[in-house]
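Trainee: Could you walk me through reading this one? I'd like the general idea each time, then the case in front of us.

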Amino acid sequence: MTEFRVWAPKPELVGLDVDGRVHAMTRSNDGWWHADVDAAPQARYGYLLDDDPTVLPDPRSPRQPDGVHGRSQLWSPADATWTDGDWPGRSIEGAVIYELHLGTFTDAGTFDAAVEKLDYLVDLGIDFVELMPVNSFAGTRGWGYDGVLWYSVHEPYGGPEGLIRFVDACHARGLGVLIDAVFNHLGPSGNYLPRFGPYLSSASNPWGEGINIADSDSDEVRRYIIGCALRWMRDFHADGLRLDAVHALVDTTAIDILEELAGETAWLAEQLGRPLSLIAESDRNDPRLITPRDRGGFGLTAQWSDDIHHAIHTAVSGERQGYYSDFGSLATLAHTLRHGYFHAATYSSFRRRRHGRPLDTATIPATRLLAYTCTHDQVGNRALGDRPSQNLTSGQLAIKAALALGSPYTAMLFMGEEWAASTPFQFFSSHPEPELARATAEGRKAEFAEHGWDADDIPDPQDPRTFARSKLKWDELLAGEHARLHHFYRDLIALRRNDPDMADRWLEHLIVDYDEDGRWIIVCRNRLRITCNLGAESVQVPVTGEVVLAWGEPAADADHTALEGHSVAILRCG
């Protein structure tokens, strides 16, 4: 017998359909419905609510072979075959993370195809693979952030068994796996959860209605979220999660859901005997997220720092639009590298208010913040999805890499940046409803038209060619400047991993010198000096030593090193 359970406090009557046969269910006082049914191991099933004949998928569906509008299918993680019993795991602190989108990482766009690229990532020096969301979402292609069945794995990628093969293969190569989890909203297509119970709140965010984590009857919704998070780490052996836009989780309770999740994750890590990490994406610049729980914080492992990205990108590229308006100077770059945030209880002209909170650099190590030069957001949310490699010189890209990977922060790359991929990463979707598809395309055009873009230039997210254009071209990896930059990234990551001067994780020990007019900056990592010339003309920087790694041809005398325009030299002094 198979026990079927579903939390559905809203309907007066719930029926269970298993392979076309309807079974009665019994309701408990807590809103849970139960039925024990003799079902085949891979039976298709769903629920009937009140007098509606439509069979709806299980909110905790383990598998959706026919998409988010179809029936669920029984599947048990206990049947999975694993070979990673000796995998000890590791924390993400100080690691190099590689963010990728399954659908565009390879031509086939599947877990199995991605496995074929894992040896390349090991050779590059990557420690963790971070998968953009792989939960079930409507259509066949998309970024994954419009998921509606959080417990199941997107079937076109290979379903749950494909994910298991991928994680197992990563662990066999010493690679950890992080999964991007979205708990702040539900997608517009296939969202049947509100028919079962009060999953949505009265609050809203830029992507739709908020999730009910603090209003009436929210306890079960919180358990739904935490149960999903733990499932990725327990049943699929993920080494942690990246939590999308946690600032959109409106929690007014005394124990914030992030603190609760951190506690549950710590308990699971103890049970499994390996580290588990939680990384928050937040635009609040609030170090309480990464402050330990015994010191009054939420206890998450790490947090993205967009300020570091903005400071590096604007100083190198010269862009100043939108939220880049407060960034761009070398003074801002130096301050941000030394303090983790630029805005820390300071005025933000973009927000037109005070923003952020200072990081206690004496107690919170730099490894609890992530530094990066590209992310899916910072590329894909540009009007044309253009990468820095489509606008900057190879030397400028090398400077950005040196500043991020040479920093004491935990580092992250976005797929293809290490070889200056020529392909864009554009916003794409495949909503099956014509009205929703049209609204998505028109909304995208209107959004960027407000910022001065020609609407005709904005790619149609629903056009399959937008998706196809975003796939990496692996053959360019071995050609010309692509190959040269790739070798620079590989050598830089090796230096970061192996050189003891790179091991200091405390920002109080970090020294940054710069010359605003001369356009040079020096980041001091103990005896190492990461010297960068952000200008187009050659400059003399007041440091000399043994050249460990360089982009360009540095020339040294007794007191100075000459740097070509847009170049990097990492020197060992003393």
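Trainee: Let's start with a strand pair: in which sense do E27 and strand E28 pair, and over how many bridges?

Mentor: Bear in mind that we're looking at a predicted model. The general idea is that strands of a sheet pair through backbone hydrogen bonds, either parallel or antiparallel. Here E27 and E28 (residues 561–563) are antiparallel, with two bridges between them. To see the register, look at Ala555, which sits opposite Ala562 in E28.

Trainee: And what is the strand order in the sheet they belong to?

Mentor: The order is E25-E28-E27, an open antiparallel sheet of three strands. The edges are E25 (539–541) and E27 (555–556); each has a single partner strand, so one side of each has no neighbour in the sheet.

Trainee: Now the four-stranded one: what is its order, and which strands stand at its edges?

Mentor: Read across, it goes E3-E2-E6-E7, again open and with antiparallel pairing. Strand E3 (21–24) and strand E7 (72–73) are the edges, and since each has a single partner strand, one side of each is left without a neighbour in the sheet. In the middle, E2 (residues 14–18) and E6 (residues 44–49) run antiparallel and are joined by five bridges. Leu16 faces Tyr47 of E6 there.

Trainee: On to helices. How do H6 and H7 cross?

Mentor: Two packed helices are described by the angle between their axes and the distance between the axes. For H6 (residues 219–234) and H7 (residues 257–272), the axes come within 10 Å and cross at roughly 35°. The crossing is right-handed. On the H6 side the contact includes Ile225, Ile226 and Leu230, and on the H7 side it includes Leu261 and Leu268. By class, the contact residues are nine nonpolar, one polar and five charged.

Trainee: What does the UniProt annotation cover?

Mentor: The unreviewed UniProt entry puts "domain: Glycosyl hydrolase family 13 catalytic" on residues 99–444. That stretch is 34% helix and 17% strand, with its end C-alpha atoms 24 Å apart.

Trainee: And which domains is the protein divided into, and how far apart are their centres?

Mentor: There's domain 1 (2–56) and domain 2 (501–572). Over C-alpha atoms, their centres are 65 Å apart.

Trainee: One last residue: where is Pro358 found, and what is it in contact with?

Mentor: Look in the loop between strand E19 (353–355) and strand E20 (369–372). Setting aside neighbours within four places in sequence, Pro358 is in contact with Pro287, Ala344 and Ala345. Ser152 lies 206 residues away along the chain, and its C-alpha atom is 39 Å from that of Pro358.

Note on methods. Residues numbered from 1 in each chain as written. Predicted model: local features only at pLDDT ≥ 70, side-chain atom pairs only at ≥ 80, totals over all residues. Heavy atoms only, no water. Domains from an automatic or database assignment. Pairing = 2+ DSSP bridges. UniProt positions renumbered as here; feature names shortened; annotations may be inferred. Axes fitted to C-alpha atoms, helices over the stretch in contact; angles between N-to-C directions. Left-handed = near helix turned anticlockwise from the far one by under 90°. Contact = heavy atoms within 4.5 Å. Nonpolar A, V, L, I, M, F, W, Y, C, P; charged D, E, K, R; others polar.
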